[in-house]
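Subject: The structure for you to look at

Hello,

Here is the structure I promised to pass on. Please open it first, and then read my notes alongside it.

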Amino acid sequence: MSAAKPTLDERIAALRTVTDAGAGRIPSAIGAEAEALLTQAEARRARSPEHTVVGVFGATGSGKSSLVNALVGDEVAKAHVRRPTTSQALAVTWDATGAAELLDWLEIRERVERPQPIDPRAGKLVLVDLPDVDSIEAGNRAIAERLAGQVDALLWVVDPQKYADDVLHAQFIAPHARHAAVTLVVLNQVDLLAASDRASVVASLQSIVSRDGLPRARVLPVSARTLEGIDDLKAAIGDLAASRAARDARLVADVQTLSARIDDPGSVSRLDARGSVRVRDEVGTAAGVDVVAAAVASSYRKRAGQVAGWPLVSWIGRLRADPLTRLGLGPKRRGSDADADVHRTSMPLLSAGAQAKLSLAVRSFADSAASGLAGPWKAAGRSAAEEALDRLPADLDLAIARTPLPARGSWWWALIGIVQWVTIVAGVGGALWLVAASLLPTFGMPALLIPRVEEGPLAGWAVPTLVIIAAVLVGVLLGLISAVLSALAAAARRRRTRKRLLASVDEVVQRDVVQPVTAELDRARAVATALGVAGR
């Protein structure tokens with residue numbers, strides 16, 4: 001079961017979507033035409049929508065005015081006092097209530113009102129006799145061209161001598177091929193043809209009209225002089241005037257015709273989540289995520305060594321600058337910065353290699369996302385990526401600066417540090433005991449008693465000496481344990497830091513890269529969908 005045809009309102013809304021979402025991506029000339037059509041459609045529908053305006057078009061000598069007179073039943077096209085020439089459009093109205101504003105909008109000043117409709121169903125009818133489409137007067141031809149784009153229905157009048165006229169067919173009828181539902185073609189002056197020739201001429205004209213793109217347009221043979229076929233023509237005009245669908249068909253055809261001239265944006269694919277993750281990782285690497293994560297780990301090991309390392313050598317670590325402090329991410333710098341929105345790191349500017357990686361990652365993401373789009377839309381996606389590249393370095397630096405890093409020490413630092421200092425005090429105490437025992441007799445003072453181990457494998461060893469050895473060994477052992485714990489904790493913090501930084505980078509990438517590219521895909525998708533509605 002085929003889907004229902006879109007309504008005129010739906011088509012107009014779709015064309016509006018095309019012009020809005022496609023701005024800058026569809027040719028400006030077509031965009032301007034679409035805006036003009038939307039304005040015209042709104043203006044026409046606001047002005048007496050119950051009236052049907054039928055324009056009578058034809059080349060010189062086709063008998064348009066005579067045909068209008070025959071339809072009206074009066075010599076209005078010749079006798080009207082204010083219409084001395086055919087250089088102005090003439091409107092004939094029946095039940096003219098409300099038609100004045102419509103005719104003002106159509107810029108038709110010459111008007112005639114008749115009481116009796118040409119067909120019982122055609123009460124709200126406006127029949128417009130127009131200047132010749134092949135007039136040598138540019139102004140006359142301009143009037144015909146303008147009203148050909150404004151009237152609700154088109155009645156093309158040809159004669160047996162010039163029914164195949166190139167100007168009429170190529171420049172007028174063919175460009176309105178989509179308006180077949182509101183088009184009538186009249187072969188006037190059939191009384192000039194032999195009875196045996198009429199069928200072949202009508203068939204020839206029908207064939208030409210079909211080649212013009214209107215195979216379903218009705219071809220009616222008539223004679224304004226003998227009134228042959230006039231009743232059939234009146235009935236056909238009555239059908240147009242009685243049908244609201246016929247009145248809307250003109251605007252539907254206009255929207256379809258214009259939509260057909262707008263290139264489809266192409267195939268719009270959904271963003272691959274893996275692509276977003278990949279560009280995040282590549283951008284993060286270029287921005288220095290790994291550098292900061294390594295600095296966090298190095299800073300942790302440095303401070304752990306200073307607090308929990310062997311005190312006799314741990315002071316050497318204080319001579320080295322803290323890696324986080326060098327990057328402007330140390331606890332003091334971050335804590336003293338009152339305005340996080342303007343905080344910046346001290347990380348070096350992106351190198352040429354990092355900039356190249358950043359640019360390649362962003363452009364590759366945009367190109368991959370827009371791979372199925374047509375040229376202008378693909379260019380718009382690339383443009384969004386280019387704009388992102390201008391913002392990314394500063395935004396990434398700010399994101400890194402604002403990311404909370406795991407820079408605090410661990411609880412075991414203090415515990416091991418206390419034990420280390422206890423061993424140092426014990427070792428120093430043992431050393432002072434031995435020194436005092438050795439030096440006091442030289443000053444005439446009684447020697448200190450030095451206790452010794454009496455049993456076991458350490459029998460005979462002086463207790464102060466064993467205390468010194470134990471202090472050194474315990475200090476070294478605690479230093480090794482501290483180094484192992486520090487390495488394990490530093491590795492964990494490095495992973496945690498990288499995860500946090502990548503989350504911050506992802507926010508920037510989503511805002512600066514993914515969302516703009518997604519917006520372009522959404523625009524393309526909206527235009528593709530709208531074109532399908534407007535042109536169906």
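Let me begin with serine 276, which sits in helix H11. Please keep in mind throughout that this is a predicted model.

Is serine 276 buried or exposed? Its relative accessibility is 12%, and because buried means under 20%, serine 276 counts as buried. Setting aside the neighbours within four places in sequence, serine 276 is in contact with Phe365, Gln510 and Val514.

Two of those names come back when you turn to the pair H16 and H19. Phe365 and Val514 are both among the residues through which these helices meet: Val362, Phe365, Ala366 and Ala369 on the H16 side, with Val513, Val514, Val517 and Leu521 on the H19 side. What kinds of residues make up this contact? There are 8 nonpolar residues, with no polar and no charged ones.

As for the geometry, helix H16 spans residues 352-369, and its axis comes within 10 Å of that of H19, with a crossing angle of roughly 20 degrees. Angles under 35 degrees count as roughly parallel, so H16 is roughly parallel to H19. The crossing of the two helices is right-handed.

Another serine to look at is serine 368, also in helix H16. Serine 368 has a relative accessible area of 47%, so it is partly exposed. If you would like a distance to check in your viewer, try serine 368 to alanine 534: from C-alpha to C-alpha they are 29 Å apart in space, and they are separated by 166 residues in sequence.

Now to the charged pairs. How many salt bridges are there? The count comes to 23, and I have picked out a few that you may like to see.

One of them joins glutamate 35 to arginine 16, with 3.1 Å between the closest N and O atoms. This pair links distant parts of the chain, since glutamate 35 belongs to helix H2 (residues 28-46) and arginine 16 to helix H1 (residues 8-21), 19 residues apart. Both partners are partly exposed: glutamate 35 has a relative accessibility of 32%, and arginine 16 has a relative accessible area of 31%.

Helix H2 takes part in another salt bridge, in which the side chain of glutamate 33 meets that of arginine 261 at 2.5 Å, N to O. Where do the two partners lie along the chain? Glutamate 33 is in helix H2, while arginine 261 is in the loop between helix H10 (244-260) and helix H11 (273-287), and the two are 228 residues apart. Here too both are partly exposed, with 40% relative accessibility for arginine 261 and a relative accessible area of 35% for glutamate 33.

The last one takes you back to H19. Aspartate 395 forms a salt bridge with arginine 511, and the closest N and O atoms are 3.6 Å apart. Aspartate 395 lies in helix H17 (residues 375-402) and arginine 511 in helix H19 (residues 463-535), so this is again a link between distant parts of the chain, 116 residues apart. Which residues does the wider network include? Through shared partners, salt bridges join Arg391, Asp395, Arg511 and Asp512 into one network. Arginine 511 is partly exposed, at 42% relative accessibility.

Do write back once you have had a look.

Best wishes

How values were computed: Residues are numbered from 1 along each chain as its sequence is written. This is a predicted model: local features need pLDDT of at least 70, side-chain atom pairs count only at pLDDT 80 or more; totals for chains, interfaces and linings use all residues. Side-chain values use heavy atoms; hydrogens and water are left out. A salt bridge is a side-chain nitrogen of Lys or Arg within 4 Å of a carboxyl oxygen of Asp or Glu. Helices (H or I, at least four residues) and strands (E, at least two) are DSSP runs, numbered from the N terminus. Buried means under 20% relative accessible area, exposed over 50%, partly exposed in between (1.4 Å probe, protein chains only). Contact means heavy atoms within 4.5 Å. Axes are lines fitted to C-alpha atoms, for helices over the stretch in contact, and angles run from 0 to 180 degrees between N-to-C directions. Angles under 35 degrees count as roughly parallel, over 145 as roughly antiparallel, 65 to 115 as roughly perpendicular and the rest as oblique. A crossing is left-handed if the near helix is turned anticlockwise from the far one by less than a right angle, and right-handed if clockwise. Ala, Val, Leu, Ile, Met, Phe, Trp, Tyr, Cys and Pro count as nonpolar, Asp, Glu, Lys and Arg as charged, and the others, Gly among them, as polar.
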